[in-house]
Amino acid sequence: MAFTPTNDRDFLIKHCKSFLDESAALHLSGGSVHHPTQKQHLVGKTMPECSQETIANCVSSVVRSRRAVRSFKQEPLPREVVEQILTDAACAPSGANIQPWRVYVVSGQVKAGLTDAVVSAFRAGTAPAPVHFPEPLPDLFRARLQDFGARYYASLGIERTDAAARTQQTERNFSFFGAPVGLIFSIDRRLNPHSWIDLGLFAQTVMIAARARGVDTCPQVAFAQYHDQIAPYLQMPSEEITAFGMSMGYGDPQAPVNQARMPRAGLTEFAQILGFPG
Ligand SMILES: Cc1cc2nc3c(=O)[nH]c(=O)nc-3n(C[C@H](O)[C@H](O)[C@H](O)COP(=O)(O)O)c2cc1C
């Protein structure tokens with residue numbers, strides 16, 4: 001049967017509801033259910049009323065509907081939902097299961113105070129320069145970065161030459177783009193780069209677990225430059241380093257910035273698939 005992943009929210013609600021309900025029920029009971037008649041290759045959570053194809057479509061739809069969302073509704077995000085998302089995300093794999101991720105979740109006045117601390121430093125211009133890309137950036141990646149910038153600022157109606165408007169938009173990172181919840185991800189600075197892979201997998205699982213609940217996110221490396229402000233504010237232990245932040249809440253589907261679409265390279269551009277018959 002044709003495999004037709006979709007971004008359609010109605011599809012998610014119609015076909016995935018029992019899957020998601022049972023996942024939530026399992027989560028709340030803290031256990032896993034084993035159905036002896038289940039023929040599907042699922043670990044732990046098995047849903048007899050959903051075919052494997054339905055589950056695949058459902059997961060695909062959740063994954064494909066995730067986007068970096070940069071404008072949010074003023075709707076609060078309940079603490080229980082955040083806890084469910086993070087509990088799911090903690091199922092992410094990590095090398096030798098060391099689970100190196102740490103996350104600080106801020107809301108209300110605590111979030112506002114963090115924003116104030118970071119925005120002050122941003123405006124003062126004293127933060128270290130961003131280091132997340134090397135200079136020079138290889139051509140392929142520079143082209144993609146430029147394409148990202150063009151699409152992002154076009155969605156906001158900001159001209160390429162309008163440095164002030166760009167700076168203002170960058171500053172919005174630090175108020176978590178108006179999201180009700182902000183997250184700061186950190187990791188023990190003594191670990192090697194491979195453990196940062198674990199942190200990334202955790203973050204992606206956070207975003208997917210959020211999306212499965214209709215919750216939107218934006219990962220934000222922009223926070224990394226402001227470790228000197230963030231660490232004391234959150235009382236991080238000295239061995240921890242701020243890796244990135246994340247906005248979380250219910251996205252505003254009407255907001256122009258949320259209309260930006262970032263294309264992906266086709267399968268053959270990034271995958272070498274070898275040794276299969278045919
Ligand atoms: C590690 C990481 C760091 C990012 N940092 C930022 C950021 O600081 N600010 C921002 O607005 N978006 C940030 N993004 C979002 C990316 O721009 C976005 O994921 C990318 O353009 C692809 O778009 P999509 O997520 O909507 O598919 C970051 C994404 C990742 C994975």
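Which residues are around the ligand? In this predicted model, the list runs Arg-67, Ala-68, Arg-70, Phe-148, Asn-173, Cys-218, Pro-219, Gln-220, Val-221, Ala-222, Phe-244 and Met-262. Strand β3 gives the largest share of that shell, with 3 residues. From there, the tour below moves to the sheet, the helices on it, the nonpolar core and a few backbone oddities.

**Around the ligand**

- Sorted by class, the shell has 8 nonpolar, 2 polar and 2 charged residues.
- Pro-219 is one of the residues around the ligand, and you'll find Pro-219 in strand β3, which covers residues 216-220.
- Is Pro-219 buried or partly exposed? Pro-219 counts as partly exposed, because 18 other C-beta atoms lie within 10 Å, while a buried residue needs 20 or more.
- Once you set aside neighbours within four places in sequence, Pro-219 is in contact with Ala-68, Ala-203, Phe-244 and Met-246.
- Ala-68 and Phe-244, two of those contacts, also belong to the residues around the ligand.
- Pro-219 and Arg-70 sit 149 residues apart in sequence, yet their C-alpha atoms are 9.8 Å apart in space.
- Gln-220, another residue around the ligand, stands opposite Gly-245 in β4.

**The sheet**

- Four strands make an open sheet in the order β1-β2-β4-β3, and the pairing is antiparallel.
- The edges are β1 (102-107) and β3, each of which pairs on one side only.
- On average, neighbouring strands of this sheet are turned by 25 degrees against each other, direction ignored.
- As general background, strands in a sheet pair through backbone hydrogen bonds, in either a parallel or an antiparallel way.
- Between β1 and β2 (residues 181-188) there are 6 bridges, and the two strands run antiparallel.
- Two pairs show how β1 and β2 line up: Ser-107 has Val-181 as its bridge partner in β2, and Val-103 has Phe-185.
- β2 and β4 also pair in the antiparallel sense, this time over 8 bridges.
- Here Ile-184 has Gly-245 as its bridge partner in β4, and Gly-245 is also the residue that Gln-220 stands opposite.
- How many bridges join β3 to β4? There are 5, and these strands run antiparallel too.

**What is covered**

- β2 is mostly covered, with 7 of its 8 residues buried.
- Why is β4 largely enclosed by the rest of the structure? Because 7 of the 10 residues of β4 are buried.

**Helices on the sheet**

- Helix α4 (residues 108-124) lies across β1 and β2, and runs at about 105 degrees to β1.
- Helix α7 (residues 193-211) packs on the sheet and touches β2, β3 and β4 (240-249).
- The direction of α7 makes about 160 degrees with that of β2.

**The nonpolar core**

- In soluble globular proteins, nonpolar side chains tend to be buried together.
- The largest nonpolar core here has 39 residues, and the members that touch the most others are Ile-85, Phe-185, Leu-199, Ala-203, Val-206, Ala-210 and Met-248.
- At least two core residues come from each of α2 (52-65), α3 (79-89), α4, β2, α7 and β4.
- Which element gives the most to this core? That's α7, with 7 residues.
- Ala-203, one of those well-connected core members, is also among the contacts of Pro-219.
- Leaving out neighbours within four places in sequence, Met-248 is in contact with Leu-77, Ala-179, Val-181, Leu-183, Ala-210, Val-215 and Thr-217.
- Ala-210, one of those contacts of Met-248, is likewise listed with the core members that touch the most others.

**Backbone oddities**

- The peptide bond from Glu-135 to Pro-136 is cis, with omega near 0 degrees.
- Pro-136 belongs to the loop between α4 and α5 (139-156).
- Ala-96 has a positive phi of about 55 degrees, although it isn't a glycine.
- Gln-99, also not a glycine, has a positive phi near 50 degrees.
- The loop between α3 and β1 holds Ala-96, and Gln-99 is found there as well.
- Ala-96 is exposed, because 7 other C-beta atoms lie within 10 Å.
- Gln-99 has 15 other C-beta atoms within 10 Å, so Gln-99 is partly exposed.

Key: Residues are numbered from 1 along each chain as its sequence is written. This is a predicted model: local features need pLDDT of at least 70, side-chain atom pairs count only at pLDDT 80 or more; totals for chains, interfaces and linings use all residues. A residue is buried if 20 or more other C-beta atoms lie within 10 Å of its own, exposed if 12 or fewer, and partly exposed in between; C-beta atoms are placed from the backbone. Two residues are in contact if their C-beta atoms, placed from the backbone, lie within 7 Å. A residue is near a molecule or strand if its C-beta atom, placed from the backbone, lies within 6 Å of it. Ala, Val, Leu, Ile, Met, Phe, Trp, Tyr, Cys and Pro count as nonpolar, Asp, Glu, Lys and Arg as charged, and the others, Gly among them, as polar. Two strands pair if DSSP finds at least two bridges between them. Axes are lines fitted to C-alpha atoms, for helices over the stretch in contact, and angles run from 0 to 180 degrees between N-to-C directions. A nonpolar core is a set of buried Ala, Val, Leu, Ile, Met, Phe, Trp, Tyr and Cys residues joined through C-beta atoms within 7 Å.
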